[in-house]
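Q: Could you take me slowly through the part of this protein that surrounds the ligand, and then through whatever helps to build that part? I am in my first year, so please connect each step to the one before.

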Amino acid sequence: MAREFTSVGVVGLGTMGAGIVEVFARNGIDVVAVEISEAALERGRAHLTGSTDRAVARGKLAEADRDALLGRVTFAVGMDALRSADLVIEAVPERLDLKQRIFAELDRVCQPEAILATNTSSLSVTEIAVATARPEQVVGLHFFNPAPVMKLVEVVRTVVTSPDVVADLEALCGRLGKVDVTISDRAGFIANALLFGYLNQAVDMFETGYASREDIDAAMKLGCGLPMGPLALLDLIGLDTAYEILNTMYRHGGRDRRHAPVPLLRQMVTAGLLGRKSGRGFYTYERPGSSRVV
Ligand code: 3HC
């Protein structure tokens with residue numbers, strides 16, 4: 001019989017982490033949401049309340065259901081709050097040393113049977129798993145942005161992940177209304193391995209002045225039926241996150257030129273143009289976090 005998963009922890013409440021918290025709470029599962037400081041916790045809380053308030057305003061969520069959803073989430077600074085979680089999902093920035101440190105700490109704090117999952121989008125799940133004494137209970141659980149909306153979850157098994165753990169997480173994805181694909185541990189898994197070369201090429205096309213940002217995005221949206229063009233999508237993903245993903249895939253995916261980050265991307269990140277989250281990327285937004293282009 002599949003595991004129950006009555007209490008889930010999420011470490012890191014950036015765009016992805018806060019979205020993952022919402023996915024679980026929406027589906028009736030208690031969540032402990034953890035950050036490293038009160039300020040970071042507040043940003044995560046604001047992301048969650050903003051997203052659920054928007055759903056209420058659009059008539060998609062009743063106020064009572066929003067309140068019940070928020071009531072399922074406990075916010076905490078520090079990982080001690082994760083002692084009784086059945087599953088913890090880490091969603092901190094894409095740095096291997098940071099993730100390994102967090103997994104070593106989770107291994108120490110969490111109950112022995114807890115499953116530890118990483119939402120990494122390009123790092124090696126195996127290298128993260130070996131930072132613990134329970135690598136057979138470590139798995140990749142890769143959500144897509146915006147997590148409450150995108151249907152896919154990539155379940156990533158390493159050569160030592162227990163088949164039972166994989167089966168339990170596949171069942172959990174169904175409970176969350178998601179569709180899972182299970183794959184082995186390779187840079188970028190399926191979706192990012194195919195997506196990021198294309199996104200990088202779009203930046204190159206813009207940088208060389210071949211086409212305007214609007215024309216690049218219109219071509220892919222209207223010509224190929226995609227929900228948004230590549231430059232708008234980079235703004236949604238976050239240019240810093242996209243840069244890190246490309247860099248990791250380039251270094252660990254056989255130095256494929258398609259994944260060598262285009263210089264403009266790095267310059268924009270250095271200048272603080274991170275996309276929607278900072279209020280400016282390829283487009284300028286009404287305010288940080290907004291989807292409205294001005
Ligand atoms: N949080 C929660 N819900 C959101 C949301 C958010 N951030 N953004 C949009 N939504 C919801 C809206 O409330 C709305 O819900 P409803 O249909 O119940 O009313 C629904 O999504 C549609 O939103 P909108 O009408 O405002 O806008 P669109 O129809 O233009 O859809 C979009 C927005 C869902 C972002 C759509 O443009 C899209 O699918 N874009 C592509 C996204 C994509 O490719 N994501 C993957 C990125 S790669 C990745 O994540 C990998 C990682 O490793 C980086």
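A: What follows starts at the ligand and then moves outward to a helix, the domains and the cores.

Please keep in mind that this is a predicted model, and that the values below are computed from it. The ligand is surrounded by 19 residues, and the closest of them are Ser121, Phe144, Asn145, Pro146 and Pro227. If you sort this shell by class, you find 11 nonpolar residues, five polar ones and three charged ones.

Where do the residues of the shell around the ligand come from? At least three are drawn from each of domain 1, residues 7-184, and domain 2, residues 191-278. Looking at helices instead of domains, α2 (38-57), α7 (191-207) and α9 (230-237) each supply at least two residues of the shell, and the largest share, three residues, comes from α2.

Of these helices, α9 deserves a closer look. This helix is mostly covered, since seven of its eight residues are buried, namely Pro230, Leu231, Ala232, Leu233, Leu234, Asp235 and Ile237. Among the elements that cover the buried residues of α9 are α7, α8 (213-224) and α10 (239-252), and α7 is also one of the helices that supply residues to the shell around the ligand. After α9 comes glycine 238, whose phi is positive, near 105 degrees.

Stepping back, the protein chain is divided into domain 1 and domain 2, and the centres of these domains, taken over C-alpha atoms, are separated by 25 Å. Their contact takes 10 residues from domain 1 and 12 residues from domain 2. On the side of domain 1 that touches domain 2, the residues divide into three nonpolar, five polar and two charged.

The last step leads to the cores. In soluble globular proteins, nonpolar side chains tend to be buried together. Here the largest nonpolar core has 53 residues, and those with the most contacts inside it are Val10, Ile20, Val21, Val88 and Val139. Helix α1 (residues 15-26) gives the largest share of this core, seven residues. A second, separate core has 26 residues, including Phe206, Ala232, Leu234 and Leu246, and two of these names should be familiar, as Ala232 and Leu234 are among the buried residues of α9. Returning to the largest core, Val10 can serve as an example: leaving aside residues up to four places away in sequence, Val10 touches Gly17, Ile20, Val21, Val31, Ala33, Val34, Ile89 and Ala91.

Conventions. Residues numbered from 1 in each chain as written. Predicted model: local features only at pLDDT ≥ 70, side-chain atom pairs only at ≥ 80, totals over all residues. Core = buried A, V, L, I, M, F, W, Y, C linked by C-beta atoms within 7 Å. Buried ≥ 20, exposed ≤ 12 C-beta atoms within 10 Å, placed from the backbone. Helix = DSSP H or I, 4+ residues; strand = E, 2+ residues; numbered from the N terminus. Contact = placed C-beta atoms within 7 Å. Near = placed C-beta within 6 Å. Nonpolar A, V, L, I, M, F, W, Y, C, P; charged D, E, K, R; others polar. Domains from an automatic or database assignment.
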